[in-house]
Amino acid sequence: MTAPQQAVTVLGLGQMGAALAAALLDRGHPTTVWNRTPDKAAPLIERGARAAATPQEAIAASPLVIACVLDHGALHTIVDPVADALRGRTLVNLTSGSPEQAREAVAWAGSLGAGYLDGAIMTTPPGVGDPAMMFLYSGSQEVFDTHRPTLAALGDPLYLGTDPGLASLYDAALLGLMWSTMTGWLHGTALVGAEGTPAAAYTPVAIRWLTAVAGFLTRYASQVDAGRYPGDDATVDVQIAAIGHLIHAAQDRGIDNALPELLRTLMEKAGAAGHGQDSYAALIEVLRPAPGGPAA
Ligand code: NAP
């Protein structure tokens, strides 16, 4: 005998909300859905979802409500007029937002008598339901522990801590990492492409290189935490010379160099601050505010 699956409501059936509802249905969760544009529920109804006519009816249908809409403003537009319906239920908010918005949302949900967990989805809709994909959560540990088995239907649930702003903060940091990495890959793709190498040939080599880069990050993380950056593997001065080769090679082939120029500027700033013989990790000193300087 297996226990019946938890009933879940999904508010918002855009690309991501629809994928969340589909993953819950695939795992056998009785799933109620609502969307501002009702037509988007049709494919999910075919897969066994129940469509609610109003947000109030949707919230009332399940003890656990998962919201995934454009932004916090849209969430309030949907929920505020029917806020009483949330009393005694739990809202897991997978709508992207800022750490400050997540903290406000906890207070708001608390004032309604609702449990609240903030989350961030570290995949695109086709990755939803894949246990290799991370879903970040922060806020109440109790709410997370209670609903973890259900949240595991969406991807690997990773709990970051009781500060509800952490999921959004990590989300922003990880997206920054993704954009920098993807743009660096595209810049390299343009460079090798200028000599006739297709992206599909360059990319497996680039991915092997990323494995080595992951090792650098692990080593440099302890340097950043210690505040000491021994340049015993490669110094900032050596990297300034090396990035010059990249900039020249790309310039000669007419490729936009905004990204490597920015990186060289940061390296030179670190060098000018006395970190020329330190490791690349010393760039953290020019990125974060100086002690006593203006806080974000
Ligand atoms: P989307 O396809 O554009 O869907 C947006 C959803 O928000 C729709 O359900 C839309 O309803 C609803 N909405 C927008 N404004 C509204 C309003 N004023 N009142 C009521 N409902 C409103 O976007 P998405 O890709 O699903 O993204 C949803 C959230 O997931 C965003 O916060 C996004 O940052 C996050 N996310 C997305 C991805 C991704 O790869 N797509 C990855 C990670 C996180 P209608 O259908 O009626 O327009």
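In which sense do S4 and strand S5 (residues 90-93) pair, and over how many bridges? S4 and S5 pair in the parallel sense, over four bridges. The legends below start from this pair. The model is predicted.

**View 1. The whole chain, with its two assigned domains.** The chain has 296 residues, and 39% of them are buried. It holds 11 helices and eight strands. Along the principal axes, the C-alpha atoms fill a box of roughly 65 × 50 × 40 Å. The domain assignment gives domain 1 as residues 8-165 and domain 2 as residues 194-287. Their C-alpha centres lie 39 Å apart.

**View 2. Strand S4 and its partners, S1 and S5.** Strand S4 spans residues 64-67. Strand S1 (residues 8-11) pairs with S4 in the parallel sense, over four bridges. Here Leu11 has Ala67 of S4 as its bridge partner. S5 also pairs with S4 in the parallel sense. In that pairing, Val65 stands opposite Leu91 of S5. Helix H4 (residues 72-79) joins the picture too: S4, H4 and S5 make a right-handed β-α-β unit.

**View 3. The two covered faces of S4.** Are the residues of S4 buried or exposed? Leu64 and Ile66 are buried on one side of the strand. Val65 and Ala67 are buried on the other. Both faces of S4 are therefore covered, because a residue counts as buried when its relative accessible area is under 20%.

**View 4. A nonpolar patch on the surface.** Which residues make this patch of about 500 Å²? They are Met178, Trp179, Met182, Trp185 and Leu186. Met178 lies in helix H7, which covers residues 166-193. Met178 has a relative accessible area of 34%, so this residue counts as partly exposed.

**View 5. A salt bridge between Arg47 and Asp26.** Side chains of opposite charge can pair when their charged atoms come close. The side chains of Arg47 and Asp26 meet this way, at 3.0 Å from N to O. The pair links distant parts of the chain, 21 residues apart. Arg47 sits in the loop between helix H2 (42-46) and strand S3 (50-51). Asp26 belongs to helix H1 (residues 15-26). How open are the two ends? Arg47 is partly exposed, at 46% relative accessible area. Asp26 has 58% relative accessibility, so it counts as exposed.

**View 6. A salt bridge between Asp163 and Arg103.** The closest N and O atoms of this pair are 3.0 Å apart. Asp163 lies in the loop between strand S8 (156-159) and H7, while Arg103 lies in helix H5 (residues 99-111), so the salt bridge ties together parts 60 residues apart in sequence. Asp163 is partly exposed, with a relative accessible area of 28%. Arg103 is also partly exposed, at 38% relative accessibility.

**View 7. A salt bridge between Glu285 and Arg288.** How far apart are N and O in this pair? The distance is 4.0 Å. Glu285 is partly exposed, with a relative accessible area of 34%. Arg288 counts as partly exposed as well, at 38% relative accessibility. A search of the whole structure finds seven salt bridges, among them this pair.

Definitions and conventions: Residues numbered from 1 in each chain as written. Predicted model: local features only at pLDDT ≥ 70, side-chain atom pairs only at ≥ 80, totals over all residues. Heavy atoms only, no water. Domains from an automatic or database assignment. Patch = residues over 30% accessible without salt bridge, like charges linked within 9 Å, V, L, I, M, F, W, Y side chains within 5 Å. Areas by Shrake-Rupley, 256 points an atom, 1.4 Å probe, with all protein chains shown as cover. Buried < 20%, exposed > 50% of the residue type's maximum accessible area, 1.4 Å probe, protein only. Pairing = 2+ DSSP bridges. Right-handed = clockwise from strand over helix to strand, strands pointing away.
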